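Here is a protein chain to explore together. Have a look at the fold before reading on, and keep it open beside you.

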Amino acid sequence: MTLSPRRSKRLADAGVSEAVPYRQRKPEWMRARVEHGAEVTALKRQIGSLDLVTVCEEAGCPNLSECWADGTATFMINGERCTRACGFCLVDTRRPAPLDADEPSRVAQAVVSMGLDFAVVTAVARDDLDDGGAAAFAATIEAIRAARPHCRVEVLIPDCKGDADALDRIFEARPDVLNHNIETVARLQRAARPSADYTRSLAVLARAADAGLVTKSGMVLGLGETEAEIGSTLADLAGVGVSIVTMGQYLRPTAAHLPVAHWWAPGDFDRFALMATQAGIAHAESSPFTRSSHHAAQAADAASVAGRQVKAVSVTP
């Protein structure tokens with residue numbers, strides 16, 4: 001299995017000519033320790049017994065052991081097959097199955113049984129559905145709130161093709177954090193996520209911020225972007241009201257996926273976090289292994305504190 005001619009052309013069109021060989025040994029800082037202890041095994045059984053899917057497993061997240069050992073996981077609703085084929089993503093892209101009407105209640109049941117105070121819910125893109133899966137997001141938020149009222153809910157949503165009615169259905173359910181990932185810089189959008197659009201993603205985030213929601217977005221780095229482009233993207237995110245941003249190093253799932261063009265070092269990620277806050281973003285999670293839902297509760301708390309501090313400063317004579 002190798003990179004397809006179509007993906008190769010899109011990379012070339014974007015001006016990316018460098019690639020780390022697929023089997024080249026990773027830098028020392030990119031070697032994650034994976035320890036599946038008793039807590040992870042128990043949680044895996046619990047999620048499996050409820051016939052639920054986690055993005056932790058489906059996307060091959062390097063933080064699975066850490067998060068699951070803490071008793072947290074990111075639930076993936078609307079099935080496990082995506083209607084888009086992003087060049088960096090491992091999620092299944094075969095024809096999706098019909099929605100499971102009972103899934104929201106099972107997610108809520110898992111939240112209760114796990115004793116979660118902060119639940120993260122994401123989904124595959126479902127362009128085959130009229131609302132892009134928005135109603136299922138709203139139903140899941142409502143089910144969690146009904147079952148465990150004090151539990152905060154973060155949702156990581158697709159763009160729903162920018163459909164205002166679909167997005168409003170999610171916004172009206174009032175998630176505590178609304179996450180939609182920009183994924184990469186403007187120049188690399190076509191190569192990385194050909195069915196999405198940079199300006200459309202910014203519009204989704206702007207609409208969420210205008211609705212009074214705490215908004216969040218993220219990037220995977222190492223696809224060929226420059227530091228200047230990272231800074232420009234952070235400025236764009238700040239400009240539409242994003243409060244939280246996540247940045248992590250891209251890891252190539254298979255030889256058929258986009259290659260790693262560059263390894264960013266831990267110090268680079270520290271610098272990017274500073275760039276984010278200087279741009280006006282309240283909180284940045286930035287490290288080689290950071291992913292969208294990593295430290296989600298802590299990030300929401302930090303953004304809330306930062307937001308209060310900014311407000312206090314702004315009203316000081």
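What follows is a walk through a strand with its neighbours, then a helix and a small group of aromatic rings. Keep in mind that this is a predicted model.

**A strand under cover**

Let's start with strand S3, residues 118-123. How many of its residues are buried? Six of its six residues are, so to speak, tucked away: the strand is mostly covered. In a regular strand the side chains alternate between the two faces of the sheet. You can follow that here: Phe118, Val120 and Thr122 point one way from S3, while Ala119, Val121 and Ala123 point the other way. Residues on both sides are buried.

S3 also has partners. Strand S2 (residues 74-77) runs parallel to S3, and four bridges join the two. One spot to find is Met76, whose bridge partner in S3 is Thr122. To get from S2 to S3, the chain passes through helix H5 (residues 103-114), and this β-α-β crossover is right-handed.

Strand S4 (residues 152-156) is parallel to S3 too, with five bridges joining them. Here you can look for Val121, which stands opposite Val155 in S4. The chain gets from S3 to S4 through helix H6 (residues 134-147), and this β-α-β crossover is right-handed.

**The helix on the way**

Back to H5 for a moment. This helix has twelve residues and reaches 16 Å from its first C-alpha to its last, close to the 16 Å expected at 1.5 Å a residue. Its buried residues include Val107, Ala108 and Val111, but also Glu103 and Arg106. Just after H5 comes Gly115, which takes a positive phi of about 70°.

**A helix with a buried face**

Now jump to helix H11. Its 14 residues should span 20 Å at 1.5 Å a residue, and its end C-alpha atoms are 20 Å apart, which agrees. Which of its residues are buried? They are Asp268, Phe269, Phe272, Ala273, Met275 and Ala276. Seen down the axis of H11, the buried residues fall within an arc of 160°, so they line one face of the helix. Turned away from that buried side is a face that carries the exposed residues Asp270 and Gln278.

What covers the buried residues of H11? The cover includes strand S6 (215-221), helix H10 (227-239), strand S7 (244-249) and strand S8 (283-286). Just after H11, Gly280 takes a positive phi of about 110°.

**Three rings together**

Finally, the aromatic rings. The count comes to two aromatic pairs, shown here.

| Pair | Arrangement | Centre to centre | Angle between planes |
|---|---|---|---|
| Trp264 and Phe272 | edge-to-face | 5.1 Å | 80° |
| Phe269 and Phe272 | edge-to-face | 5.9 Å | 75° |

Why do these pairs count as edge-to-face? Because the cut-off for that label is over 60 degrees between the planes, and the angles are 80° for Trp264 with Phe272 and 75° for Phe269 with Phe272.

Phe269 and Phe272 both lie in H11, three residues apart, about one turn of the helix. An α-helix has 3.6 residues a turn, so residues three or four places apart point the same way. Together, ring pairs link Trp264, Phe269 and Phe272 into a cluster.

Is this cluster's Trp264 buried or exposed? Buried means under 20% relative accessible area, and Trp264 has 8%, so Trp264 is buried. Phe272 counts as buried as well, at 0% relative accessibility, and Phe269 is buried too.

Note on methods: Residues numbered from 1 in each chain as written. Heavy atoms only, no water. Phe/Tyr/Trp six-rings, centres within 6.5 Å; stacked < 30°, edge-to-face > 60°. Buried < 20%, exposed > 50% of the residue type's maximum accessible area, 1.4 Å probe, protein only. Pairing = 2+ DSSP bridges. Right-handed = clockwise from strand over helix to strand, strands pointing away. Expected span 1.5 Å × (residues − 1). Arc of directions from axis to C-beta. Contact = heavy atoms within 4.5 Å.
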